[in-house]
Number of protein chains: 2
Amino acid sequence: MTDQELPTRLRPREPLDAGPTRVERKQITRLHLLAAALKLMAEGRGFSSLSLREVTREAGVVPASFYRHFRDMEELGLSLVEQSGVTLRRLLREARRDGIPPTDMLRGSVLIYHRFLNANREQFAFIAGERSGGSRAIRNAIRTEEAHFAHEMAQDMRRLGLLSRLSTPALQMVCGLVVTTMLNAATDILDLPPDRPQAEAELVDNFVQQLRVILLGARVWKPPRR
Amino acid sequence: MTDQELPTRLRPREPLDAGPTRVERKQITRLHLLAAALKLMAEGRGFSSLSLREVTREAGVVPASFYRHFRDMEELGLSLVEQSGVTLRRLLREARRDGIPPTDMLRGSVLIYHRFLNANREQFAFIAGERSGGSRAIRNAIRTEEAHFAHEMAQDMRRLGLLSRLSTPALQMVCGLVVTTMLNAATDILDLPPDRPQAEAELVDNFVQQLRVILLGARVWKPPRR
């Protein structure tokens, strides 16, 4: 009989009142390291200026334990990109689940995005800051996540029957433009001081108008003649 | 009789064979400091990770002399933004002077931009990288330069009779979108390896198509009803 086959409370390493297992603890430390890097960057530091030692200090672990999780800082950065990509795509999933108000779809989508942005400030600040930041490997990884996101957005639009006249490559080109416009707006929105509702409203309004221009253009878009 | 009124070769401080004057030397050191910071960033460093000491070392001057030119690193950064803003607007001036090929204006403009980008790589890498980089003061200064550029672009379009149906605020909103799309493309284009003409052509093509979507949308754009 192996440990796995024992009734739960007889298993030697996982009594009912046990804390996290060794594997769970390792997972938790990893998350702490990622969160520590995000926190340092939210304080205005670029990723390429972070040192391994600072990140471990912020996470409350000894420097040596870093290497049980990541080969180097670049690998940590790439994990952050992955994690942020998942967050970004969760936005689409939530919009799919909750639906978008049909009366003013564009403004409705922007308000969903705005709320989501505020709930995930650190990850958006990271993505927006590092997509043209110091590390080429990180920039490339972010480009891949953006493309992935634009691809899912295009599929959602297909499903909703939006811009159905466009070919798939054209629709993806348009979604790519929407995504870069979204991420540009992210930096501007994150930089707003908390007590400026008028400035915030103007910014959101400008963002809605820019997306409207893009979608109007997409509606009449034709592939160039060669 | 003042020095200014003397015939040139009698002026005591500027004999014909003189080297740079003290004022000129000061100007040259200032330019060296700015160039040193740009060079360090072109090597993949974010502005906020640069130290005063590194910049003076790269410029070949003693650290103490930094303060004859800038109060601190932030002031140097703001000067870099100003300098890059001037470069950016020179693009419009050159396009105005040389004219844009009337057959395919959009592709013609993109090719001018592409050439200009390659001739001013360091400044574009700085602007594109720091517009959502670590320092809020620098981000804000870059936003101001972008707005200034978009404003001049809107005036040029008015002069050329383009999108004449749009109100001035609408035209500026559209030009703002064009500018952010240009700066996004800048990072992608600057990141291309030098020996990938096919990837470069595709990127430029995608950029042309995205601008076309924006201009098509701008042509049919109407202000939202309130």
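This report describes the symmetry, salt bridges, surface charge and selected residues of a two-chain model.

The model is predicted, so local features require pLDDT of at least 70 and side-chain atom pairs count only at pLDDT 80 or more, while totals for chains, interfaces and linings use all residues. Residues are numbered from 1 along each chain as its sequence is written, chains are lettered from A and ligands numbered from 1 in the order in which they are written, and side-chain values use heavy atoms, with hydrogens and water left out.

## Symmetry

A turn of 180° with a shift of 0.0 Å along the axis lays chain B on chain A with an RMSD of 0.0 Å. The two copies are therefore related as by a two-fold rotation axis. The superposition is by least squares on the C-alpha atoms of residues with pLDDT of at least 70 in both copies. Within chain B, the residue that comes closest to the rotation axis is B:Gly217, whose C-alpha lies at 1.7 Å.

## Salt bridges

A salt bridge is taken as a side-chain nitrogen of Lys or Arg within 4 Å of a carboxyl oxygen of Asp or Glu. Over all chains, the structure holds 36 of them. Three are listed below.

| Acidic residue | Basic residue | Closest N to O distance |
|---|---|---|
| A:Asp98 | A:Arg97 | 2.8 Å |
| A:Asp205 | A:Arg107 | 2.7 Å |
| B:Asp188 | A:Arg143 | 2.9 Å |

Burial is stated by relative accessible area: buried means under 20%, exposed over 50%, and partly exposed in between (1.4 Å probe, protein chains only). Helices (H or I, at least four residues) are DSSP runs numbered from the N terminus.

In the pair A:Asp98 and A:Arg97, A:Asp98 is exposed because its relative accessible area is 53%, and A:Arg97 is exposed with 61%.

The salt bridge between A:Asp205 and A:Arg107 links distant parts of the chain, 98 residues apart: A:Asp205 belongs to helix H8 (residues 197-220) of chain A, and A:Arg107 to helix H4 (residues 105-119) of chain A. A:Asp205 counts as buried at 14% relative accessibility, whereas A:Arg107 counts as partly exposed at 27%.

A:Arg143 and B:Asp188 form a salt bridge that crosses between chains, from helix H6 (residues 136-159) of chain A to helix H7 (residues 168-191) of chain B. A:Arg143 is partly exposed, with a relative accessible area of 23%, and B:Asp188 is partly exposed with 27%. Elsewhere, one network of salt bridges with shared partners joins A:Arg89, A:Arg96, A:Glu145, A:Glu152, A:Asp156 and A:Arg159.

## A positive surface patch

A:Arg22, A:Arg25, A:Lys26 and A:Arg68 gather in a patch of positive charge on the surface. Patches are made of residues with over 30% relative accessible area and no salt bridge, like charges being joined within 9 Å and nonpolar side chains (Val, Leu, Ile, Met, Phe, Trp, Tyr) within 5 Å. Lys and Arg count as positive and Asp and Glu as negative; His and the chain ends are not counted. The place of a charge is taken as NZ of Lys, CZ of Arg, CG of Asp or CD of Glu. Accessible areas come from the Shrake-Rupley method with a 1.4 Å probe, and for residues only the protein chains shown count as cover. A:Arg68 is placed in the loop between helix H2 (52-59) and helix H3 (73-98) of chain A, and A:Arg68 counts as exposed because its relative accessibility is 59%.

## Positive phi at Leu163

Most residues other than glycine have a negative phi. A:Leu163, although not a glycine, has a positive phi of about 50°, and phi of B:Leu163 is also positive, near 50°. A:Leu163 lies in the loop between H6 and helix H7 (168-190) of chain A; B:Leu163 is in the loop between helix H6 (136-160) and H7 of chain B. A:Leu163 is buried, with a relative accessible area of 14%, and B:Leu163 counts as buried at 14%.

## Buried helix residues

A:Leu80, in helix H3 of chain A, is buried with a relative accessible area of 0%. Its C-alpha atom is separated by 10.0 Å from that of A:Ala141, 61 residues apart along the chain.

B:Arg89 lies in helix H3 (residues 73-98) of chain B and counts as buried at 16% relative accessibility. The C-alpha atoms of B:Arg89 and B:His69, 20 residues apart along the chain, are separated by 25 Å.

B:Ala170, in helix H7 of chain B, is buried with a relative accessible area of 4%. Between the C-alpha atoms of B:Ala170 and B:Glu122, 48 residues apart along the chain, the separation is 32 Å.

How values were computed. Helices (H or I, at least four residues) and strands (E, at least two) are DSSP runs, numbered from the N terminus.
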